Structure formats: C-alpha cells, structure tokens
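Thank you all for coming. I would like to walk through one structure this morning, moving from its sheet outwards to the ligand, and I will try to keep to what the coordinates support.

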Amino acid sequence: MLQSISNKHDVHHERRRKNSLASLTSSLRDNKTHLLLAASGSVATIKLPLIIQKLAADYQRLHPNTSADSGLSIRVVLTPSASRFLAGQSHEQPPVSSLLDMACVDGVYVDADEWKEPWKRGDAILHIELRRWAHLLAIAPLSANTMAKLANGMADGLLTSVVRAWDAWGDLDGDVAAVVGGGARHRLVDGSERPRRRKRVLVAPAMNTAMWRHPVTARHLGVLEGQWGVYGSKSGGKKGEEQEEEGEQLERRDGDNAEVAENENADGWFEVLQPKSKALACGDVGDGAMMEWTNIVAVIEERLGFGQ
Ligand SMILES: Cc1cc2nc3c(=O)[nH]c(=O)nc-3n(C[C@H](O)[C@H](O)[C@H](O)COP(=O)(O)O)c2cc1C
C-alpha cells in the first residue's frame with residue numbers, strides 16, 4: 001500500500017519535472033532531435049499516441065546503439081478541444097497526462113501551462129521557448145478552426161501563439177535550429193550570402209468534407225500554402241505556378257540588416273499534408289480526412305533527417 005502511494009508520488013513528481021519550464025529551457029541545446037508535435041480539435045487527435053509510438057520505435061530501429069530517449073525529444077501541445085479527445089474514454093484514447101510516460105515525450109502542454117506561474121520580468125515565456133526549442137513543428141490534426149486562426153495570424157492560445165511567434169524568416173533561431181528542410185541562402189544587400197535557417201511547420205488538416213470544401217478553406221490554404229508554403233513538397237499542395245507567382249510577390253521588410261528577398265518562397269516554411277477521401281467518423285463520405293497517420297510519420301521523419 002505504502003509502496004503504491006510512493007510510486008504514484010514518484011510518477012507525479014517526474015511528470016511535473018518533465019513539464020517544467022526550467023526543463024524546457026535547459027534542453028535547448030541538448031543535441032537531441034526536437035519535434036514539437038501538436039493537435040487541435042479533430043477526431044483524428046486519437047491518432048496522436050500512435051504517431052508518438054511509431055516515431056519513438058522508428059528512431060530506436062534506426063539508431064540501435066543509442067536509446068531513443070537520448071536522441072529524440074518530443075514535446076506535445078494540445079488545444080483545449082484536442083484534449084477532449086484524450087480523456088481516457090477508450091483504449092485508443094488515453095488521458096493527456098499519460099502521454100508524458102511515452103518514450104521520447106519530454107513535455108505535454110495545454111493552454112493553462114502558459115500561465116501556471118504569475119509571470120514577472122526575466123521569466124521565460126512558454127510559447128517562445130517552445131518555438132526556440134523546436135526543430136520542426138507538426139500539427140496533426142489541424143482543425144478547421146485552428147487553420148483559420150493560423151491563416152489570420154490569431155494567437156489566442158498556446159499553439160496559435162507558438163505559430164504566431166514562429167521565426168518565419170529564419171533570423172532568430174539559427175543557433176539552436178538544425179537546418180531542416182533545405183539549405184537555401186539569404187542574399188544580403190552587400191551581395192554576400194549566409195545560410196537561411198528556416199524551421200518548418202507541417203500541418204495535416206482533418207475536418208468534415210463540407211468544412212474542407214467550404215470556400216473559406218481555400219482562402220486559408222491560399223495563405224498557408226500559397227504565401228508561406230514550400231515549393232514542390234512531396235505531400236502535394238498547391239500547384240507550383242500558383243505558389244510561384246504569390247511567392248515572387250512577397251516582400252521582405254527592410255531593416256538594419258536589410259536583405260533582398262529573391263523568390264522568398266523557394267524555401268518557404270509551411271507544409272500542408274493533403275487530406276484524403278474516406279468515410280468520415282461523422283458519417284459523411286468524402287475528402288477532408290487526415291492523411292494516413294503512418295504517412296505523416298514518414299514525412300516528419302524525412303524532414304527531421306531520421307536515420308542520417
Ligand atoms: C466529436 C467532435 C468531433 C469534431 N471533429 C472535428 C474535426 O474532425 N475537424 C474539425 O475541424 N473540427 C472538428 N470538431 C469541431 C472542433 O472541435 C471545434 O471547431 C473546436 O472549436 C476546434 O478548436 P481548436 O481548433 O482550438 O482545437 C469536432 C467537434 C466534436 C464535438
């Protein structure tokens with residue numbers, strides 16, 4: 001009995017330690033591969049534990065000489081609606097807190113974590129630290145609601161704040177970031193060049209067919225793919241020509257170290273993993289279902305350079 005209370009206490013203590021801001025800030029340069037994995041409120045959130053499990057297993061298979069925990073670090077962000085799908089209501093829907101016990105998971109965050117301690121000057125800020133820490137952000141699933149927020153620059157929760165604070169130009173996180181997803185170069189006004197270190201955001205939309213086909217979705221995709229998107233991503237996405245035109249129109253703001261944008265989108269930072277068509281959980285049949293989760297894992301692994 002006492003042993004069981006003590007074990008529960010240990011588990012609780014370990015979860016608190018892992019999720020602390022201090023643990024996050026001290027791991028910025030721990031030489032692990034950092035995946036920030038998020039979910040917003042779609043039924044496909046129930047695939048999140050499977051995605052985590054496979055990433056850890058694949059990492060272990062590809063790196064048999066190190067434990068997966070010492071090479072791959074995953075931190076999870078959930079919107080309030082996403083948390084509703086992981087409340088221990090079925091075998092495939094374990095409670096949110098249990099994700100922290102999975103291999104490679106070093107943090108699980110919800111909106112309340114931003115405000116856990118009353119902030120004072122000098123304190124770290126969770127959404128900024130998560131952005132700094134991440135080598136790649138993958139949002140799977142991306143709900144219609146969060147898609148709309150991202151496309152419109154809203155930042156009313158932890159996940160949307162991370163994306164709103166993303167280092168879209170690759171200016172800020174270069175010292176921490178692995179160069180993920182291409183090695184394009186900035187051309188400075190003096191003609192010299194330096195590598196651009198833009199980190200990517202991968203999103204896997206998942207929604208009802210009518211939501212997916214709604215005209216406003218095309219508007220949001222126009223921003224995520226057309227303006228911020230990566231050319232020629234293997235996942236499909238918008239037609240190259242359309243993106244190219246929009247990419248060439250982008251203008252880089254001029255500042256003290258003004259840089260000339262030459263075709264800014266050539267290594268954009270946003271990648272939309274196209275949904276598939278199937279019989280949806282709600283009974284409708286059609287497109288809008290999240291890309292097969294195993295394919296999402298494959299894209300994440302490719303972008304993170306697993307196995308290299
Ligand atoms: C059972 C249930 C399933 C839902 N499935 C989806 C879905 O697959 N995709 C989606 O975009 N919204 C879905 N919704 C609606 C979202 O959860 C809702 O729009 C919510 O506000 C999304 O919040 P978030 O984007 O902050 O996570 C579902 C709602 C419920 C109650």
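Let me begin with a question: in which sense do β7 and β9 pair, and over how many bridges? The pairing of β7 and β9 is parallel, and it runs over three bridges. Please keep in mind throughout that this is a predicted model, so every value I quote is computed from it.

For orientation, the protein has 308 residues, of which 38% count as buried, and its secondary structure comprises twelve helices and eleven strands. Among contacts between residues at least 6 apart in sequence, 73% join residues that are at least 24 apart.

Now to the sheet itself, which is open, has six strands with parallel pairing, and follows the order β3-β2-β1-β4-β7-β9. At its edges stand β3, residues 105-109, and β9, residues 270-272, and because each has a single partner strand, one side of each is left without a neighbour in the sheet. On average, and with direction ignored, neighbouring strands of this sheet are turned by 15° against each other.

I would like to stay with β7 for a moment. On the β4 side, β4 and β7 pair in the parallel sense over five bridges; among the bridge partners, Leu136 is matched with Arg200 in β7, and Ile139 with Val203 in β7. On the β9 side, Val201 stands opposite Phe270 in β9. Is β7 enclosed by the rest of the structure, or left open, and why? Six of the six residues of β7 are buried, so the strand is largely enclosed by the rest of the structure. Looking at its two faces separately, Arg200, Leu202 and Ala204 are buried on one side, while Val201, Val203 and Pro205 are buried on the other, which leaves both faces covered. One helix that lies across β7 and β9 is α10, and α10 runs at about 125° to β9.

That brings me to the helices, and to α7 in particular, where Ala144, Thr146, Met147, Lys149 and Leu150 are buried. What do the buried residues of α7 pack against? Their partners are β4 (136-142), α8 (158-164), β7 (200-205), α9 (209-213) and α10 (215-227), and β7, which we have just discussed, is thus one of them. After α7 comes Gly153, whose phi is positive, near 75°.

A second helix worth a look is α6, residues 126-133, in which Leu130 lies. Leu130 is buried, since 26 other C-beta atoms lie within 10 Å. If we leave aside its neighbours within four places in sequence, Leu130 is in contact with Leu36, Arg75, Val77 and Val162. Leu130 and Leu159 are 29 residues apart in sequence, and their C-alpha atoms are 9.7 Å apart in space.

Finally, the ligand: which residues come nearest to it? Of the 14 residues around the ligand, the nearest are Gly41, Ser42, Thr79, Ser143 and Asn145. The elements that give two or more residues to this shell are α5 (80-84) and α7 (144-151), and the largest share, three residues, comes from α7. By class, the shell has six nonpolar and eight polar residues, with no charged residues.

To draw this together, α7 has buried residues that pack against β7, among other elements, and α7 also gives the largest share of the shell around the ligand. I am happy to take questions.

How values were computed
Residues are numbered from 1 along each chain as its sequence is written. This is a predicted model: local features need pLDDT of at least 70, side-chain atom pairs count only at pLDDT 80 or more; totals for chains, interfaces and linings use all residues. A residue is near a molecule or strand if its C-beta atom, placed from the backbone, lies within 6 Å of it. Helices (H or I, at least four residues) and strands (E, at least two) are DSSP runs, numbered from the N terminus. Ala, Val, Leu, Ile, Met, Phe, Trp, Tyr, Cys and Pro count as nonpolar, Asp, Glu, Lys and Arg as charged, and the others, Gly among them, as polar. A residue is buried if 20 or more other C-beta atoms lie within 10 Å of its own, exposed if 12 or fewer, and partly exposed in between; C-beta atoms are placed from the backbone. Two residues are in contact if their C-beta atoms, placed from the backbone, lie within 7 Å. Two strands pair if DSSP finds at least two bridges between them. Axes are lines fitted to C-alpha atoms, for helices over the stretch in contact, and angles run from 0 to 180 degrees between N-to-C directions.
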